[in-house]
Amino acid sequence: MCKIINLDINGYNYKLPVVSGTFYEKAINISKLRENTGLITFDPGLKNTGLSKSSISFIDGEKGILLYRGYPIEQIINKCSFVETSYLLLNGELPNSKQLESFSNQIKEFHYMNQEIYQIFDKIPDFYHPMGILSSFTCILTAFIKNKYLKEQDMYLHLLAKLPILAALTYRKKVGLPPSHVDKNLSYTSNILKMFFSFPKKYYETNPIITDALDKLLILHADHEQNCSTTTVRLLSSAHAGLFSSVSAGISALWGRLHGGANQAVIEMLENILKSGGNIQKWIEKAKNKKDPFRLMGFGHRIYKNFDPRARIIKKVAQKIISQLDMDNPILKLANELEEVAIQDSYFKEKKLYPNIDFYSGIIYQAIGIPKDMFTVMFALGRLPGWMAHWKEMRLNRDPIGRPRQIYIGYKKRNIVECVDEGI
Ligand code: SDX
């Protein structure tokens with residue numbers, strides 16, 4: 001492909017440079033467009049716009065490919081743990097055994113929570129959504145980090161250690177259990193499950209099936225290039241906002257129903273379909289009806305116009321955990337049937353709508369015992385290393401502050417008319 005694009009505007013020819021990436025994606029560099037032509041581009045949803053260069057993840061939506069720092073997700077899921085994946089995303093390379101041991105132990109050093117946080121937790125109203133709690137407390141954490149000049153690495157370790165504690169505290173408050181604490185002898189993911197589900201004065205027995213399923217879910221959610229919440233984190237980083245507040249904003253963006261909130265919406269949709277008699281075709285028709293706001297949650301993706309490779313993996317993990325735990329799960333059965341019908345339907349085929357990561361993940365969270373309104377919290381725990389890697393990359397790239405232009409369609413300039421007081 002050429003290195004220059006010619007743009008003819010009103011008889012003038014402008015030469016725009018072409019930016020190339022590692023693979024075949026190319027971009028027209030328009031950073032001087034307005035300066036040279038007076039024009040800006042218009043791209044709602046940024047569907048055709050690259051905001052940054054990045055070396056963290058790569059997605060080929062047409063081929064259903066996802067790489068973390070060059071490694072295919074299918075290899076990472078079988079050869080790495082979530083802690084190794086976090087190290088890879090943050091540092092660019094997989095850790096050797098010594099680095100991994102040190103990284104894991106360093107995270108454990110930050111596995112504590114200030115007493116004041118527990119006191120604030122007690123004051124939270126029960127109806128406050130877990131994602132709101134996670135986002136708020138991610139910011140509040142900074143108030144209790146005494147050392148104002150924290151080493152950058154320690155900031156990452158703090159969040160990797162503390163977000164699972166906040167998530168577990170939220171769950172235990174909901175179910176009326178006192179806080180549980182980590183066990184230094186357990187792995188990162190086993191500790192998440194212990195902090196959630198252990199009972200006072202009772203030895204917590206880890207279940208390798210459940211630990212493995214959760215670790216895989218965390219890995220699959222760990223990064224996904226410039227998705228909505230990661231772009232949010234990158235924008236805050238471009239303004240030189242701190243890591244904790246940037247991650248807090250990412251959590252809030254992920255909460256959106258069209259983004260990470262979809263995993264909760266999928267289960268609610270499947271339960272609704274079951275409750276209303278399980279007539280799959282009726283719901284498929286609803287999703288296709290433009291007059292009906294209903295969408296098939298867990299289907300479709302901005303980038304994947306083929307299967308989301310993560311959905312393929314998660315579907316297998318869901319089938320494995322349900323059969324190993326010998327659970328009768330009508331929701332999983334319905335999800336499989338719904339997927340089969342939808343992917344054969346011409347509407348979904350034409351629009352290239354396939355199951356995305358959220359379609360099956362809720363089934364696993366439910367099998368593990370996570371309540372629906374905490375599914376997106378679990379998504380956030382997985383996405384944390386990705387957000388932090390992107391926050392770090394923005395600082396290293398020295399990208400300018402993100403500040404898009406607009407097409408103004410409001411009033412022309414007008415004057416305030418002194419209104420004559422009608423008097424009463
Ligand atoms: C995540 O970006 C990421 O990487 C996100 C994520 C990550 O890891 O960070 O992968 C996580 O957010 C996954 C997506 C979870 N959301 C859902 O499952 C919600 C349901 N899906 C949709 O709302 C939608 O598919 C989106 C939001 C995911 C993508 O939306 P786009 O790219 O803006 O596409 P669109 O809304 O313009 O839809 C294109 C067409 C439209 O029809 P037309 O107007 O062209 O006739 O497809 C239709 C849409 O109506 N469509 C659907 C549909 N999704 C798109 N129709 C029915 N059901 C759906 N789910």
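In this predicted model, the loop between helix 10 and helix 11 (243-254) contains His240. The backbone of His240 has a positive phi of about 65°, although this residue is not a glycine. Most residues other than glycine have a negative phi. A second case is Glu225, which is likewise not a glycine and has a positive phi of about 45°. Glu225 is located in the loop between helix 9 (208-220) and helix 10 (228-238). Helix 10 thus borders both loops, that of Glu225 and that of His240.

The packing of two further helices was examined. Helix 3, formed by residues 82-91, packs on helix 4, formed by residues 97-109, at an angle of about 100°. The axes of helix 3 and helix 4 are 10 Å apart. Angles of 65 to 115 degrees count as roughly perpendicular, so helix 3 is roughly perpendicular to helix 4. On the side of helix 3, the contact is made by Val83, Glu84, Ser86, Tyr87 and Leu90. Helix 4 contributes Gln99, Leu100, Phe103, Ser104 and Ile107. By class, the residues of this contact comprise 6 nonpolar, 3 polar and 1 charged.

The surroundings of the ligand were also described. The ligand is surrounded by 24 residues, of which His224, Arg295, His301, Arg302 and Arg310 are the closest. This shell consists of 9 nonpolar, 7 polar and 8 charged residues. Polar atoms of the protein lie opposite oxygen and nitrogen atoms of the ligand in several places. A polar side-chain atom of His259 is 3.0 Å from an oxygen atom of the ligand, and for a polar side-chain atom of Lys47 the distance to an oxygen atom of the ligand is 3.2 Å. Phe299 takes part through its backbone: a polar backbone atom of this residue lies 2.9 Å from a nitrogen atom of the ligand. The ligand taken alone exposes 1100 Å², and the protein buries 79% of that area.

Definitions and conventions
Residues numbered from 1 in each chain as written. Predicted model: local features only at pLDDT ≥ 70, side-chain atom pairs only at ≥ 80, totals over all residues. Heavy atoms only, no water. Axes fitted to C-alpha atoms, helices over the stretch in contact; angles between N-to-C directions. Helix = DSSP H or I, 4+ residues; strand = E, 2+ residues; numbered from the N terminus. Parallel < 35°, antiparallel > 145°, perpendicular 65-115°, else oblique. Contact = heavy atoms within 4.5 Å. Nonpolar A, V, L, I, M, F, W, Y, C, P; charged D, E, K, R; others polar. Near = heavy atom within 4 Å. Polar contact = N/O pair within 3.5 Å; in protein donor to acceptor, adjacent residues only side chain to side chain. Areas by Shrake-Rupley, 256 points an atom, 1.4 Å probe, with all protein chains shown as cover.
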